[in-house]
Amino acid sequence: MRFSANLGFLWADRPLTDAVRAAATAGFDAVECHWPYDTPAQDVAAVLRETGLPMLGLNTRRGNVAAGENGLSALPGREDEARAAIDEAIAYAIAIGTRNVHVMAGFVQGEHAQDTFLANLGHACRQARPEGITILIEPLNDYDAPGYFLQTTTQAEALIDQLGAPNLRLMFDCYHVQLMEGNLTRRLTRLLPKIGHIQFASVPDRGAPDRGEVNFAHVFAHIAELGWTAPLGAEYRPQGPTETTLDWLATLR
Ligand SMILES: O=C(O)[C@H](O)C(=O)CO
Ligand SMILES: [Mg+2]
């Protein structure tokens, strides 16, 4: 199994460039991040060259974070901002060689939200495709992100089918999926052709994967049996310094 350190949570107390170095030292095979925009892309590109780690993915900006926003792309009336955030994310991804951009939907419900999300995703897929970039959508659980537009893999699958863009895929975060829908291994098997990236954390406390209600040794073995070889994203909140939470890296590899 290969693993990617999600630097939105792991080593989140360090500048992004130092966090990349820490992930390389700890033995990760790749990194991914949430919102890298405060760090110049050329600095990130340089540290990725230095360490040899790929940055697998990044997110579009959330909007007005102080006002509690968590993405713009399903918000009716905010299309210009949403598309600017998408274009910015794709440009940043190109600059650092990242192949996945997660387009964040936002807190909103309803039919207009669905139409808006589909239209903005269409824009994202069209912009990203010539660059070889995949657009990801990720269902978030309703306990941590109440009212988020995209909450289940069933909903994400319907959106992917409806848009029909070859470079639109599902970010399957085992943590969110277990909380909302469960049945992880059957769901991974069925959805595999539509999955662009897989993430994990213990459930329900979003800690390291060697605890909680999900047996990740079993889930990871199943993912390997399915033929998935890309690094899996460790997106958990370390309780204490990240280095002290990495025993699982040796045992689950
Ligand atoms: O929270 C998550 O699971 C995400 O992967 C993310 O990118 C930020 O919401
Ligand atoms: Mg996630």
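Donors are taken as N, O and S atoms within 2.8 Å of the metal (3.2 Å for Na, K and Ca), and because water is not among the atoms, sites may look incomplete. The model is predicted, with local features requiring pLDDT of at least 70 and side-chain atom pairs pLDDT 80 or more, whereas totals for chains, interfaces and linings use all residues. Residues are numbered from 1 along each chain as its sequence is written, ligands are numbered from 1 in the order in which they are written, and side-chain values use heavy atoms.

Along the chain, the donors of the magnesium ion (ligand 2) follow the spacing E-x34-D-x25-Q-x35-E. Glutamate 138 lies in the loop between strand S5 (134-137) and helix H5 (153-163), and glutamate 235 in the loop between strand S8 (232-234) and helix H9 (247-251), so the pair ties together parts 97 residues apart in sequence. Coordination is provided by Glu138 (OE), Asp173 (OD), Gln199 (OE1) and Glu235 (OE) at 2.0 to 2.1 Å. The arrangement is octahedral because the 6 donor atoms subtend angles of 76 to 173°. Glutamate 138 is buried (under 20% relative accessible area), at 4%, and glutamate 235 is buried at 5%.

The residues around ligand 1 (a heavy atom within 4 Å) include Glu138, Asp173, Gln199 and Glu235, together with His102 and Arg206. Polar contacts (pairs of N or O atoms within 3.5 Å) link oxygen atoms of ligand 1 to side-chain atoms of glutamate 138 at 2.6 Å, arginine 206 at 2.7 Å and histidine 102 at 3.5 Å. Taken alone, ligand 1 exposes 260 Å², of which the protein buries 93% (Shrake-Rupley method, 1.4 Å probe).

Key. Tetrahedral: all angles 85-135°; square planar, octahedral: opposite > 155°, others 65-115°. Helix = DSSP H or I, 4+ residues; strand = E, 2+ residues; numbered from the N terminus. Buried < 20%, exposed > 50% of the residue type's maximum accessible area, 1.4 Å probe, protein only. Polar contact = N/O pair within 3.5 Å; in protein donor to acceptor, adjacent residues only side chain to side chain.
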